[in-house]
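Visitor: I'm new to this, so could you walk me through what's on the screen? Let's start with the ligand and what sits around it.

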Amino acid sequence: MTSDAKIIVALDYATADAASALVARLDPQLCKLKVGKELFTAAGPAWVEHLVGQGYDVFLDLKFHDIPNTVAQACRAAAALGVWMVNVHALGGRAMMTAAREALENTPNRPKLVAVTVLTSMSANELADLGINQAPHQLVRRLARLAHSCHLDGVVCSGQEAKMLRQEQGPDFCLVTPGIRPAGVGKDDQNRVMTPTEALRAGANYLVIGRPITQSLDPLQALQAIRQEIANNGDSK
Ligand code: C5P
């Protein structure tokens, strides 16, 4: 069953035990969970299935980028784990994204398929090193269009890009935004941050939040406080 929670807690942990201690204090009705490369490599697919079995919507954040057939098969394997969302790199191109989408078409409980456009760690200089002479936001725009034209469900983007993409891609394109910091909380190593309310108003559908919840002394309370902040500002949680 899919919950209507908009907050995706990033399980950035080195071991399943460490992540389990947090998960035991959360609730599938209040948040979704994101498993990335570190935890997936350490804990494996059985642990992802275990989270799904506990009723969590799981975003498997492995950012597939390979030849079309390999990515298609990887997406199919992810779907077999029962995850709610899976992602690929838009830079893998049209054939790769189309193959991924087609591979998921007839899977039971088809996961949402979203694309990473430009990693937020990439600067204009780094793009130039790759022979790409475009500002990052221009490339984000281009790759979001490409992902949409391949009929993907949406993209991962920064809150700053959400407004532009919402305007250009319409109401049904899913925008997943990391770099979220509740008002009054430190930025950690994130530079361009937005509060949950700002990101939702800019057009985000889902908010990826890690340390403000995972490093909190009381993660459930931190999650509830963010949900309350969103509700107080008139948005649904
Ligand atoms: O702890 P924090 O809230 O900064 O965690 C954000 C999560 O979102 C991390 O799992 C990070 O890898 C991920 N992420 C990000 N920026 C992107 C894509 C993903 O911070 N552009």
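Visitor: Which charged residues surround the ligand?
Guide: Keep in mind that this is a predicted model. The ligand's neighbours include A10, T120, P178, Q190, V208, I209, G210 and P212. By class, the shell has five nonpolar, three polar and four charged residues. Asp, Lys and Arg count as charged, so the charged ones in the shell are D12, K34, R181 and R211.

Visitor: Which residue offers a polar backbone atom to an oxygen of the ligand?
Guide: Let's check the side chains too. An N or O atom in the side chain of K34 is 3.0 Å from a ligand oxygen, and for the side chain of R181 the distance is 2.8 Å. The backbone partner, at 2.7 Å from an oxygen of the ligand, is G210.

Visitor: How much of the ligand's accessible area does the protein cover?
Guide: On its own, the ligand has 470 Å² of accessible area. The part of that covered by the protein is 81%.

Visitor: Which helix and strand each supply at least two residues of the shell around the ligand?
Guide: Look along the chain at 206-209 for the strand and at 211-214 for the helix. Those two elements are β8 and α10.

Visitor: How much space lies in the largest pocket?
Guide: This is the space taken by the ligand. Its lining has 33 residues, and among those closest to the centre are K63, T120 and Q190. The space in this pocket comes to about 890 Å³.

Visitor: And which element gives the most to the lining of that pocket?
Guide: β2 (32-36), β3 (58-64), β8 and α10 each supply at least two residues. With three residues, the one that gives the most is β3.

Technical notes:
Residues are numbered from 1 along each chain as its sequence is written. This is a predicted model: local features need pLDDT of at least 70, side-chain atom pairs count only at pLDDT 80 or more; totals for chains, interfaces and linings use all residues. Side-chain values use heavy atoms; hydrogens and water are left out. A residue is near a molecule or strand if one of its heavy atoms lies within 4 Å of it. A polar contact is a pair of N or O atoms within 3.5 Å; within protein, one must be able to donate a hydrogen and the other to accept it, and residues adjacent in sequence count only if both atoms are side-chain atoms. Accessible areas come from the Shrake-Rupley method with a 1.4 Å probe; for residues, only the protein chains shown count as cover. On a 1 Å grid over the protein atoms alone, a cavity is a set of points where a 1.4 Å probe fits but cannot get out, and a pocket is an open set with protein on both sides within 12 Å along at least five of seven lines; lining residues have an atom within 4 Å of a point. A molecule sits in a cavity or pocket if more than half of its atoms lie within 2 Å of its grid points. Helices (H or I, at least four residues) and strands (E, at least two) are DSSP runs, numbered from the N terminus. Grid points are joined across faces, edges and corners, and a volume is the space filled by probe spheres set on the points.
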